[in-house]
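Me: Could you take a close look at the aromatic pairs in this model for me, and then walk outward to whatever surrounds them? I work at the bench, so a plain, connected account would suit me best.

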Amino acid sequence: QVQLQESGPGLVKPSQTLSLTCTVFGDSVTTNYYYWSWIRQPPGKGLEWMGAIGYSGSTYYSPSLKSRTSISRDTSKNQFTLQLSSVTAEDTAVYFCASWDSDSWEYDYWGQGTQVTVSS
């Protein structure tokens, strides 16, 4: 059974860099046709796709967040990481990692989500 687990600080100060890690259990971040994604949901708002790293290591970012976002992976630990720089209160959200299967064209596994609050 595949499980994704987010980890990272729940509180980040304004202007700092938010860093979250997603650990994948039961699958590999190099599995063909999979794209390992970060998605967030601010309070009272819908889901926002932030970006993804593909099975080959290619990265993809939301245009609105591209200048502040970096996604990387550590294949030895089967993890992928989100870094969001220069955070503000508007970056307060529940952050999810998820796996996108480009063969079935759907998100098939999600982490439970982790709350990140930006506040001084």
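Reply: Happy to. In this predicted model, the count of aromatic pairs comes to ten. A pair of aromatic rings is described by the distance of the centres and the angle of the planes. Take Tyr 35 and Tyr 60 to begin with: their ring centres are 5.8 Å apart and their planes make an angle of 65°, which is an edge-to-face arrangement. Tyr 35 belongs to strand 4 (residues 34-41) and Tyr 60 to strand 6 (residues 59-61), so this pair ties together parts that are 25 residues apart in sequence. Tyr 60 is partly exposed, at 37% relative accessibility.

Another edge-to-face pair is made by Trp 100 and Trp 105, with 5.0 Å from centre to centre and 75° between the planes. How do the two partners stand with respect to burial? Trp 100 counts as buried, at 17% relative accessibility, whereas Trp 105 is exposed, with a relative accessible area of 63%. Both of these tryptophans are members of one aromatic cluster, together with Phe 96, Tyr 107 and Trp 110.

Trp 105 deserves a second glance for its backbone. Its place is the loop between strand 9 (93-101) and strand 10 (106-110), and its phi is near 60°, a positive value in a residue other than glycine. Most residues other than glycine have a negative phi. Tyr 33 also has a positive phi, near 75°. You will find Tyr 33 in the loop between strand 3 (18-25) and strand 4, where it is partly exposed, with a relative accessible area of 47%.

Strand 9 also leads us to the disulfide. A search of the whole structure finds one, and it joins Cys 22 to Cys 97 with an S to S distance of 2.1 Å. A disulfide is a covalent bond between the sulfur atoms of two cysteines. This link is right-handed, with 60° about the S-S bond. Cys 22 sits in strand 3 and Cys 97 in strand 9, so the bond ties together parts that are 75 residues apart in sequence. Cys 22 is buried at 0% relative accessibility, and Cys 97 is likewise buried at 0%.

From Cys 22 we can step across to strand 1 (residues 3-7), because Glu 6 stands opposite Cys 22 in strand 3. Leu 4 also has a bridge partner in strand 3, namely Val 24. In total, five bridges join strand 1 to strand 3, and the two run antiparallel. Which residues of strand 1 point to the buried face? Leu 4 and Glu 6 point to one face and are buried, while Gln 3, Gln 5 and Ser 7 point to the other and are not.

These two strands are part of an open sheet of four, in the order 1-3-8-7, with antiparallel pairing. Strand 1 and strand 7 (69-74) stand at the edges with a single partner strand each, so one side of each is left without a neighbour in the sheet. On average, neighbouring strands of this sheet are turned by 20° against each other, direction ignored. Strands of a sheet pair through backbone hydrogen bonds, either parallel or antiparallel.

One last stop brings us back to aromatic residues. Val 2 lies in the segment before strand 1 and is buried, with a relative accessible area of 12%. What does Val 2 touch, leaving aside residues up to four places away in sequence? Its contacts are Phe 25, Gly 26, Asp 27 and Tyr 109. Val 2 and Phe 25 are 23 residues apart along the chain, and their C-alpha atoms are separated by 5.5 Å.

If you would like to trace this on screen, here is a short route. Start at the pair of Trp 100 and Trp 105 and take in the cluster they share with Phe 96, Tyr 107 and Trp 110. Go on to Cys 97 and cross the disulfide to Cys 22, then over to Glu 6, which stands opposite Cys 22. Finish at Val 2, in the segment before strand 1.

Definitions and conventions: Residues numbered from 1 in each chain as written. Predicted model: local features only at pLDDT ≥ 70, side-chain atom pairs only at ≥ 80, totals over all residues. Heavy atoms only, no water. Phe/Tyr/Trp six-rings, centres within 6.5 Å; stacked < 30°, edge-to-face > 60°. Buried < 20%, exposed > 50% of the residue type's maximum accessible area, 1.4 Å probe, protein only. Pairing = 2+ DSSP bridges. Contact = heavy atoms within 4.5 Å. Disulfide = S-S within 2.5 Å. Axes fitted to C-alpha atoms, helices over the stretch in contact; angles between N-to-C directions.
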